[in-house]
Amino acid sequence: MLMNNYSRADVGFVRGDGAILWDDSGKDYIDFASGIGVCALGHSHKGVAKVIAKQAKTLLHTSNLYNIAPQAKLANKISNLLGGGYELFFANSGAEANECAIKLARKYGYSNGKKSEIISLKNSFHGRTIATLAMTGQDKFHPDEFGAYPDGFKFYDSIDEIITNLNENTAAVIIELVQGEGGINPLDKDKVQNLAKILNQKDILLITDEVQCGVYRTGEFVTSKLYDITPDIITFAKGLGNGVPISACATRKSIFSPGDHGSTFGGGFLVTSVAEYVLSELETLKSSGKLNKTIAKFEKNLEKLVSKNSDIFEKRVGIGLMQGIVVKDVEFLAKIVAKSLECGLLILRSGKDTLRFLPPLNLSKKELKEGFIRLNLAINKAKK
Ligand SMILES: Cc1ncc(COP(=O)(O)O)c(C=O)c1O
């Protein structure tokens, strides 16, 4: 029997192909969620399957006590995609990538005047381990029953407030450039750039949590590029492995020494060879112009949907293929998600009042069209 920690819809999938999933009764669904932003190349991608099979037949695991060639290759690839000069650590989940970022920030802060405080935004989400919960700003993630939480994390409502509260004990500031769990909220570009400038002057590290918004989700390899900033630390997960569990923490400061951090499974042969392949495919998708075309089309369809249903929808929000629709009546939100499932469409919710769309980045025109047909149907049914 499973632990009672998820509230699940009563459906189970047995097969997938691209953006389509089939349940155990044979019903098909268009997947506008990709897990939760994970399957960037869609389901059962033939190239991914080939890399997995090849690596499984060659070598799966040795431990991080020895050189792992695909891990080193992936590290170089990510650093190059970031413009060069980054060191990488690989782990298995977004929370673990952020744990690495916390340790980097703490060690860097310690050696620069024993600074240990890490500041985040109130509406943030950074993971489910005890430390990343403590770093998550939303109060609902700090119930008393999971206490005591580790010290050293502060939250503020806005970037302006963060800047006002920087102090001699601040080691780092962590932000999601597009908040993913607290509603789909892109941060203001000018304010982020100002924050980056001030942190740089004060030698306080800037960490961008790109676990959800990174790996081309917003149209560029990292959302930091769209914001024209160069973070000291960037964390990745979700879309990096297309479903194999891999996360990464990149830093442009050399901070760790041997023994400072580690992971048994992190950066193994299988996941790093898959991630290398996934990144190559996504680079091609981007350079061919296909990704930008899909983004434009998806956005246009959402805009149309919002203006057609202005009685229930407030506005479209988001960047790239990390999109949302703010709903006027919160009760309507759950209804639309449920009706979508009935109509064969997977969508998500985010925050209190936002429908969330994280489709595969290689979504075909046909899948996109069919997904919006089903979404229209679901909205009409929800209105009845
Ligand atoms: C921005 C952000 N950071 C961290 C995490 C935690 O990632 P994981 O669930 O892989 O630990 C998430 C997950 O949704 C996320 O959206």
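1. Helices are taken as DSSP runs of H or I with at least four residues, and strands as runs of E with at least two, both numbered from the N terminus. In these terms D228 sits in the loop between α8 (223–226) and β11 (233–236). The model is a predicted one, and every remark that follows concerns that predicted model. Counted in the way just described, the protein has twelve helices and 17 strands.

2. On overall dimensions, the expectation for a compact globule of 384 residues is a radius of gyration near 21 Å, and because the protein itself has 21 Å, the two agree. Taken along the principal axes, the box that the C-alpha atoms fill is roughly 60 × 50 × 45 Å. Of the 384 residues, 53% are buried, where buried stands for a relative accessible area under 20%.

3. The contacts and the surface can be described together. When contacts between residues at least 6 apart in sequence are considered, 71% of them join residues that are at least 24 apart. The protein exposes an accessible surface of about 18000 Å², and carbon and sulfur atoms account for 52% of that area. The charges number 49 positive and 42 negative, and the mean position of the positive charges is 7 Å from that of the negative ones.

4. The domain assignment places domain 1 at residues 47–287 and domain 2 at residues 289–383. Over C-alpha atoms, the centres of domain 1 and domain 2 are 28 Å apart, and the two domains are in contact through 21 residues of domain 1 and 21 residues of domain 2. A reader who checks this boundary in the structure may wish to look at N292 as well, which is taken up in point 8 below.

5. Two residues other than glycine deserve a look for their backbone angles. S44 has a positive phi, near 50 degrees, and its place is in the loop between α1 (34–37) and α2 (46–58). D228, whose loop was given in point 1, likewise has a positive phi, near 55 degrees. Is D228 buried or exposed? Its relative accessible area is 58%, and since exposed stands for a value over 50%, D228 counts as exposed.

6. A further backbone feature is the peptide bond from G147 to A148, which is cis, with omega near 5 degrees. A148 belongs to the loop that runs between α5 (130–135) and β6 (153–156).

7. The loop between β5 (117–121) and α5 holds G127, and H126 is found there too. G127 has a relative accessibility of 6% and so counts as buried, while H126, with a relative accessible area of 2%, is buried as well. Which residues does H126 contact, leaving aside its neighbours within four places in sequence? They are A95, N98, S120, T132, M135, T136, I174, E176 and D209. For G127, not counting residues up to four places away in sequence, the residues touched are A95, T132, L133 and T136. Two distances between C-alpha atoms complete the description: G127 and D260, which are 133 residues apart along the chain, are separated by 21 Å, and H126 and I312, which are 186 residues apart along the chain, are separated by 30 Å.

8. Helix α10 (residues 290–308) contains N292, and K304 lies in helix α10 as well. N292 has a relative accessibility of 39% and therefore counts as partly exposed, whereas K304, with a relative accessible area of 59%, is exposed. Beyond its neighbours within four places in sequence, N292 is in contact with G219 and K286. The C-alpha atoms of N292 and I379 are separated by 27 Å, with their positions 87 residues apart along the chain counted as the sequence separation. K304 and R316, twelve residues apart in sequence, are 9.8 Å apart in space from C-alpha to C-alpha.

Key:
Residues are numbered from 1 along each chain as its sequence is written. This is a predicted model: local features need pLDDT of at least 70, side-chain atom pairs count only at pLDDT 80 or more; totals for chains, interfaces and linings use all residues. Side-chain values use heavy atoms; hydrogens and water are left out. The radius of gyration is taken over C-alpha atoms; the globule rule is 2.2 Å times the number of residues to the power 0.38. Buried means under 20% relative accessible area, exposed over 50%, partly exposed in between (1.4 Å probe, protein chains only). Contact means heavy atoms within 4.5 Å. Accessible areas come from the Shrake-Rupley method with a 1.4 Å probe; for residues, only the protein chains shown count as cover. Lys and Arg count as positive and Asp and Glu as negative; His and the chain ends are not counted. The place of a charge is taken as NZ of Lys, CZ of Arg, CG of Asp or CD of Glu. Domain bounds come from an automatic or database domain assignment.
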